[in-house]
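Hi,

Here is the structure I promised to pass on. Please have a look at it first, and then read my notes below.

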Amino acid sequence: MGDGFPRFCWIVLSWILIVSIHQVQLSEPQAAAAGCDYFQGSWVFDKTYPLYNTTDCPFIEKEFDCQANGRPDQLYLKYRWKPTDCMLPRFNAKDLLRKLKGKKMMFIGDSLSLNQWQSLTCMLHAFLPQSNYTVHREGNLSTFYLPEYEVSLMLSRNAFLVDIVQEKIGTVLKLDYIKNGESWKGYDFLIFNTWHWWLHTGRKQPWDFIESRGKVKKDMDRMAAYREALRTWSKWVDSNVNTTTTQVFFQGISPTHFNGKEWNGTKSTTCTHQIRPATDLTYESDPPPEVTIVKEVLKNMSTPVVLLDITRLSQLRKDGHPSIYTGLKGNDCSHWCLAGVPDTWNEILYAILTSRKT
């Protein structure tokens, strides 16, 4: 073999290296399919953001349009979420619309679902500004339709998922019943959410009584009620969703920022006048207990449900709320400015959807 053997080895090694590099390049876009955790990471400054300008989104909800409502700073618009161990692909509206062509997606939940739905409609409209789109609301159902791709994005306003019924004694929140679920059938994608209203009391509480396991009560432990309602929802999904035609997501818990102690501030500090994200070093708050309940319920389901585990990445964005820039009275540290944090939720949704086979 003599001098020919080393040369042959170099040829083989070069071939192996080329193949290996090619395999790495092929596998990067498939990171989510390979188990990439998009939800652990940090916020980095990116001058190419935001993904759209709200002045070009004619149907945006006034309460979310912080710039139009007088917010003076713009730094909060310039942050991109960067996962720790993989790459989050930049949102590509054309790619997503090809995936969704001829299909229907429904967001079901409270005003945080509205926040995410509104974000996605603006992101898609920015790609097709001349579209003959329609936006229509009838009762609690809103529909955004793009005829060029025959795509429908629906929003069903349903704060508790379980039923609220008007009875002789008053309005009853029925933890063990979902009769309104008939309207959730026939969709290609379902994205559920509930939490925001579960701790409301007094005038903000939209029910008079709770019915739990056949017993009507004036009130009960809200965490226990939330767990029971989620279990009822999980049973509905397991019994009614055909996973060969419908993919189910659960929008994780969206955090609030009314207590500055969570990010090493004072208790009286809120989201107002916050202009930068927190970091893992400054934001030491543990995941709220409702997150544990959600994960526990999803784990025990027979239907595969994708959790958009947005809590931690959103916790770091104390600067992302409308605060006093809603056009209304009050300080909103619950919802999110658009453009803003919900766009990242949808970037992750896009990454998950496009990493999976149709």
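**Aromatic rings**

Trp-184, Phe-192, Trp-233, Trp-236 and Phe-250 are linked into a cluster by ring pairs. Rings of Phe, Tyr and Trp (its six-membered ring) count as a pair if their centres lie within 6.5 Å; planes under 30 degrees apart are stacked, over 60 edge-to-face, and the rest tilted.

Before going further, a word on the source: this is a predicted model, where local features need pLDDT of at least 70 and side-chain atom pairs count only at pLDDT 80 or more, while totals for chains, interfaces and linings use all residues. Residues are numbered from 1 along each chain as its sequence is written, and side-chain values use heavy atoms, with hydrogens and water left out.

Back to the rings: the whole structure has 15 aromatic pairs. One of them is formed by Phe-59 and Tyr-133, which meet edge-to-face at 5.3 Å centre to centre, with 65° between the planes. Phe-59 sits in the loop between E1 and E2, and Tyr-133 in the loop between H3 and strand E4 (134-138), so this pair ties together parts that are 74 residues apart in sequence. Helices (H or I, at least four residues) and strands (E, at least two) are DSSP runs, numbered from the N terminus. Phe-59 is buried, at 16% relative accessible area, whereas Tyr-133 is partly exposed at 24%. Here buried means under 20% relative accessible area, exposed over 50%, and partly exposed in between (1.4 Å probe, protein chains only).

Within the cluster, Trp-184 and Phe-192 also pair edge-to-face, 5.2 Å centre to centre and with 70° between the planes. Both Trp-184 and Phe-192 are buried.

**Disulfides**

You may want to look at the cysteines next. How many disulfides does the structure hold? There are four (a disulfide being a pair of cysteine sulfur atoms within 2.5 Å). With the bonded cysteines of the chain numbered in sequence order, they pair as 1-4, 2-5, 3-8 and 6-7.

Here are three of them:

- Cys-36 is joined to Cys-86, S to S 1.7 Å. Cys-36 lies in the loop between helix H1 (4-27) and strand E1 (41-45), and Cys-86 in the loop between strand E2 (79-83) and helix H2 (93-100), so the bond ties together parts that are 50 residues apart in sequence. Both cysteines, Cys-36 and Cys-86, are buried.
- Cys-57 is joined to Cys-122, S to S 2.1 Å. This link of Cys-57 and Cys-122 is left-handed, with -85° about the S-S bond. Cys-57 lies in the loop between E1 and E2 while Cys-122 belongs to helix H3 (residues 111-127), so parts that are 65 residues apart in sequence are tied together. Cys-57 is buried at 3% relative accessibility, and Cys-122 is buried at 1%.
- Cys-271 is joined to Cys-333, S to S 2.0 Å. The link of Cys-271 and Cys-333 is left-handed, with -85° about the S-S bond. Cys-271 is in the loop between strand E12 (247-251) and helix H5 (289-299), and Cys-333 is in the loop between helix H6 (311-315) and helix H7 (341-354), 62 residues apart. Cys-271 is buried at 3% relative accessible area, and Cys-333 is buried at 0%.

**Nonpolar cores and helix H7**

Which residues touch the most other members of the largest nonpolar core? Of its 61 residues, they are Met-105, Leu-124 and Phe-249. A nonpolar core is a set of buried Ala, Val, Leu, Ile, Met, Phe, Trp, Tyr and Cys residues joined through side-chain atoms within 4.5 Å. H7 gives this core its largest share, eight residues. A second, separate core of 38 residues includes Met-220, Val-237, Phe-250 and Met-301.

Leaving aside residues up to four places away in sequence, Leu-124 touches Phe-91, Ala-93, Leu-96, Leu-97, Leu-146 and Leu-153 (contact means heavy atoms within 4.5 Å).

H7 is mostly covered, with 13 of its 14 residues buried. Its end C-alpha atoms are 20 Å apart, which agrees with the 20 Å expected for 14 residues at 1.5 Å a residue. The expected span is 1.5 Å times one less than the number of residues in the helix.

**Confidence**

The chain averages a pLDDT of 90, and 90% of the residues score at least 70; pLDDT is the predictor's confidence in each residue, from 0 to 100. Over residues 1-5 the pLDDT is below 50, and this stretch has zero contacts in the model beyond near neighbours in sequence. Residues 8-33 also have a pLDDT below 50, with eight contacts beyond near neighbours in sequence.

Best wishes
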